[in-house]
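Student: Please give a close account of a single helix, and then place it within the rest of the model. I should like the answer as one connected reading, with the reasoning stated at each step.

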Amino acid sequence: MKVAVIGARTPSSKSIEILKDYLNKRKDEITEITTGGALGADTVGMEWAIENGKKLTVYTPNRFHNFNGVKEAKDKGANIVSTGLGYNDRNTLVVKDVDLVVCSDYGNGTVDALRKAINDGITCYTTGSYTYGNGRNIAGVIKLIPKTKI
């Protein structure tokens with residue numbers, strides 16, 4: 001099973017714990033992890049894939065901030081795809097052709113990826129909550145998140 005691991009750059013420790021527990025419970029089913037290479041939840045996904053010997057594909061946008069984490073993943077065998085795209089266009093690739101999306105907390109970029117996955121009929125599990133923004137988007141964001149939680 002190919003799983004996209006996405007989420008906030010500053011997820012709560014509880015949310016990360018739940019995410020890791022979920023991945024560990026599905027360890028035998030998971031064959032590949034995809035992420036966008038960001039700090040936070042994406043990095044947890046990268047580390048989990050490497051620690052558990054799973055194929056890892058990281059889709060980096062045109063300007064990203066987690067150079068060290070992505071370089072470390074590459075040095076350990078990850079497939080790094082430098083998309084040259086902006087964050088939201090890159091998100092399309094992260095969730096394309098996956099079987100499942102798991103999310104640890106979420107902000108605007110995560111919601112964009114979740115919306116794309118949901119529109120493609122991909123099951124999305126979330127844990128945590130909306131982590132940043134000016135408050136104007138929150139009502140709309142919550143409607144996009146499936147009621148199913150990890």
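Tutor: A residue is called buried when its relative accessible area is under 20%, exposed when that area is over 50%, and partly exposed in between. By that rule Asp-97, with a relative accessible area of 57%, is exposed because its value is over 50%. Asp-97 is located in the loop that joins α4 to β5 (100–106). Its backbone also deserves attention: phi is positive, about 60°, although Asp-97 is not a glycine.

The structure is a predicted model, and its confidence should be known before any detail is read. The mean pLDDT of the protein is 86, and 87% of the residues score at least 70. Confidence is highest in strand β2 (residues 32–35), at a mean of 98, and lowest in helix α6 (residues 138–144), at a mean of 40. The pLDDT falls below 50 over residues 134–147, a stretch that has 15 contacts in the model beyond near neighbours in sequence. Where pLDDT is low, the predicted coordinates should not be read in detail.

The protein holds six helices and six strands, and along the sequence these follow the pattern β-α-β-α-β-α-β-α-β-α-β-α. Of its 150 residues, 47% count as buried. Among contacts with a separation of 6 or more, 61% are between residues 24 or more positions apart.

The part chosen for close reading is helix α5. This helix covers residues 108–119, and its 12 residues should span 16 Å at 1.5 Å a residue; the C-alpha atoms at its ends are 16 Å apart, so the expected and modelled spans agree. The expected figure comes from multiplying 1.5 Å by one less than the number of residues.

Which residues of α5 are buried? They are Thr-110, Val-111, Asp-112, Ala-113, Leu-114 and Ala-117. An α-helix has 3.6 residues a turn, so residues three or four places apart point the same way. With that in mind, the buried list can be read for such spacings: Thr-110, Ala-113 and Ala-117 are among its members, as are Val-111 and Leu-114.

Asn-108 also lies in α5. At 35% relative accessibility, Asn-108 counts as partly exposed, because the value falls between the two cut-offs. Asn-108 and Gly-7 are 101 residues apart in sequence, yet their C-alpha atoms are 9.6 Å apart in space. After the helix comes Gly-121, with a positive phi near 80°.

The strand β5 contains Asp-105. As with Asp-97, phi is positive in a residue other than glycine, here near 55°. In exposure these two residues stand in contrast: Asp-97 is exposed at 57%, whereas Asp-105 is buried, because its relative accessible area is 3%.

Helix α5 also takes part in the largest pocket. About 260 Å³ of space lies in this pocket. It is lined by 18 residues, of which Gly-7, Arg-9, Arg-90, Gly-109 and Thr-110 are the closest to its centre. Two or more lining residues come from each of β1 (2–7), α4 (87–95) and α5. The greatest contribution is that of α4, with five residues. By class, the lining comprises seven nonpolar, eight polar and three charged residues. Thr-110 thus appears both among the buried residues of α5 and among those closest to the pocket centre.

Further pairs of residues show sequence separation set against distance in space. Gly-128, in strand β6 (residues 123–130), is partly exposed because its relative accessibility is 32%. The C-alpha atoms of Gly-128 and Ser-104 are 5.9 Å apart, with their positions 24 residues apart in sequence. Glu-29 occupies the loop between α1 (13–25) and β2, and its relative accessible area of 40% makes it partly exposed. Glu-29 and Met-1 are 28 residues apart in sequence and 5.7 Å apart from C-alpha to C-alpha.

Thr-43, in helix α2 (residues 41–51), gives a buried case, because its relative accessibility is 15%. Apart from residues up to four places away in sequence, Thr-43 touches Ala-38 and Asn-66. Its C-alpha atom is 9.3 Å from that of Ala-73, a residue 30 positions away in sequence.

Note on methods. Residues are numbered from 1 along each chain as its sequence is written. This is a predicted model: local features need pLDDT of at least 70, side-chain atom pairs count only at pLDDT 80 or more; totals for chains, interfaces and linings use all residues. Side-chain values use heavy atoms; hydrogens and water are left out. Helices (H or I, at least four residues) and strands (E, at least two) are DSSP runs, numbered from the N terminus. Buried means under 20% relative accessible area, exposed over 50%, partly exposed in between (1.4 Å probe, protein chains only). pLDDT is the predictor's confidence in each residue, from 0 to 100. Contact means heavy atoms within 4.5 Å. On a 1 Å grid over the protein atoms alone, a cavity is a set of points where a 1.4 Å probe fits but cannot get out, and a pocket is an open set with protein on both sides within 12 Å along at least five of seven lines; lining residues have an atom within 4 Å of a point. Grid points are joined across faces, edges and corners, and a volume is the space filled by probe spheres set on the points. Ala, Val, Leu, Ile, Met, Phe, Trp, Tyr, Cys and Pro count as nonpolar, Asp, Glu, Lys and Arg as charged, and the others, Gly among them, as polar.
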